[in-house]
Amino acid sequence: MPILAKTIVEYLGIPENFSEHGGSVDHLIDLVHWFMLALFVGWTGFFLLACWRFWRKRNPKASYHGVQNHVTTHLEVGVAIFEAVLLLGFAFPLWAERTDRFEDIQAQDPSRVRVIGYQFGWNYHYPGLDGKFGRIDRHLIERAGDPCIDPEDPNGWDDFSSPILKLPVLEPAILQITSTDVIHGYAIVPMRIQQDAIPGTDIPMWFRPLKKLETSVVCAQLCGEGHGDMVGVMEVVGKGAYNTWLAEQSNAAYARNSKKAEEDSSAAGENGASDEAAESTLGAGEKADESVGGEGTE
Ligand SMILES: [Cu+2]
């Protein structure tokens with residue numbers, strides 16, 4: 001059976017699985033497709049049999065009694081039972097595992113990334129070295145895909161955004177999916193995960209990459225004329241390389257944002273200063289301009 005099952009997944013052209021839970025998703029895909037194949041063959045056979053059996057030439061006079069046996073009833077009950085087994089025995093436990101293990105995964109210090117979909121691309125918001133996302137205020141949006149980090153929250157100063165999703169191998173990751181415009185569908189096929197990106201909400205999902213790879217992420221929800229261009233990049237790298245990258249990005253963001261916050265606060269403080277100070281600064285600026293101009297003409 002595993003050999004046959006593998007053939008079906010390969011035949012469907014599904015890329016190789018790279019995630020911890022992906023094997024059970026593939027198993028369910030296998031089961032469903034074998035079942036659909038059996039139904040297809042069965043119903044096609046029944047259709048051909050009915051065409052032949054009830055051909056007009058074979059039955060010049062209509063039967064007023066119809067089918068007398070209960071074969072079709074048994075078949076339909078059998079199909080219903082098999083579907084119940086698929087749902088209760090495979091699909092529900094798989095889904096329960098995805099949702100019930102959230103606390104377990106959270107306890108394992110996962111990488112956390114906010115995924116922001118927009119027309120037409122993906123942006124990633126990392127919480128930085130402190131592991132805390134800055135306060136999100138969706139009213140602060142400046143452009144499509146903006147993470148909307150409140151610059152007044154110091155927790156957000158080391159947050160940074162990235163155009164690609166980078167994650168460490170073998171470590172669990174929780175992605176929080178959102179959108180700044182319409183509904184998108186965030187999908188990483190080699191990780192066997194997919195989630196609708198809905199404006200105004202952050203919907204979490206988790207997975208654990210088992211091997212290093214560079215792959216593409218796509219939009220799985222028709223969202224406009226550029227839907228097909230919403231192809232992004234995901235990189236699964238070694239733990240060391242990931243930590244180096246994270247530290248670089250986070251430290252750079254902290255230096256930038258804390259300096260900006262300092263400037264903003266000192267600017268706000270100077271607003272109350274005397275006009276004299278403002279004039280003298282302006283005067284110095286004018287003098288500097290003059291001297292530059294003078295040198296140029298000489
Ligand atoms: Cu989209």
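Just 20% of the 298 residues in this protein count as buried. The model is a predicted one, with an average pLDDT of 84 and 88% of residues scoring at least 70. In secondary structure terms, the protein has six helices and 10 strands. Among contacts with a separation of 6 or more, 71% come from residues at least 24 positions apart.

**Confidence**

- Watch out for residues 273–298: pLDDT stays under 50 there.
- That stretch also has zero contacts beyond four places in sequence in the model.

**The helix pair α2 and α3**

- Helix α2 covers residues 22–53 and helix α3 covers residues 71–100.
- Their axes come within 10 Å and cross at roughly 170°.
- Anything over 145° counts as roughly antiparallel, so that is the label for α2 and α3.
- On the α2 side, the contact is made by Ser24, Leu28, Leu31, Val32 and Phe35.
- Facing them from α3 are Phe82, Leu86, Phe90, Ala91 and Leu94.
- Sorted by class, the α2–α3 contact holds nine nonpolar residues, one polar residue and no charged ones.

**Sheet with the order β3-β2-β1-β5-β8**

- This is an open sheet of five strands, and its pairing is mixed.
- At the edges sit β3 (160–162) and β8 (203–207), each of which pairs on one side only.
- From one strand to the next, the twist averages 30°.
- Strands β1 (residues 111–118) and β2 (residues 121–126) run antiparallel and are joined by five bridges.
- One spot to look at in this pairing is Val115, which stands opposite Tyr124 in β2.
- The loop between β1 and β2 contains Phe120.
- A cis peptide bond links Gln119 to Phe120, with omega at about 5°.

**Loop between β2 and β3**

- Two residues worth clicking on here are Arg143 and Cys148.
- Arg143 counts as exposed, because it has 8 C-beta neighbours inside 10 Å and the cut-off for exposed is 12 or fewer.
- The C-alpha atoms of Arg143 and Thr180 are 8.8 Å apart, although 37 residues separate the two along the chain.
- Cys148, by contrast, is buried, with 20 other C-beta atoms within 10 Å; buried starts at 20, so Cys148 makes the cut.
- The backbone of Cys148 is also worth a look: phi is positive, about 60°, although the residue is not a glycine.

**Sheet with the order β4-β10-β9-β6-β7**

- Here is another open sheet built from five strands, again with mixed pairing.
- Its edge strands are β4 (165–168) and β7 (193–197), and each pairs on one side only.
- Ignoring direction, neighbouring strands in this sheet are turned by 20° against each other on average.
- Strand β6 (residues 184–188) runs antiparallel to strand β9 (residues 213–219), and two bridges join them.
- Tyr186 has Cys219 in β9 as its bridge partner.

**The β6–β7 hairpin**

- β6 and β7 pair in the antiparallel sense, over five bridges.
- Ile188 stands opposite Ile193 in β7.
- Together β6 and β7 make a hairpin, with four residues between the two strands.
- Arg192 lies in the loop that connects β6 and β7.
- Phi of Arg192 is near 55°, a positive value in a residue other than glycine.
- Arg192 counts as buried, because 21 other C-beta atoms lie within 10 Å and the cut-off is 20 or more.

How values were computed. Residues numbered from 1 in each chain as written. Predicted model: local features only at pLDDT ≥ 70, side-chain atom pairs only at ≥ 80, totals over all residues. Axes fitted to C-alpha atoms, helices over the stretch in contact; angles between N-to-C directions. Parallel < 35°, antiparallel > 145°, perpendicular 65-115°, else oblique. Contact = placed C-beta atoms within 7 Å. Nonpolar A, V, L, I, M, F, W, Y, C, P; charged D, E, K, R; others polar. Pairing = 2+ DSSP bridges. pLDDT = per-residue confidence, 0-100.
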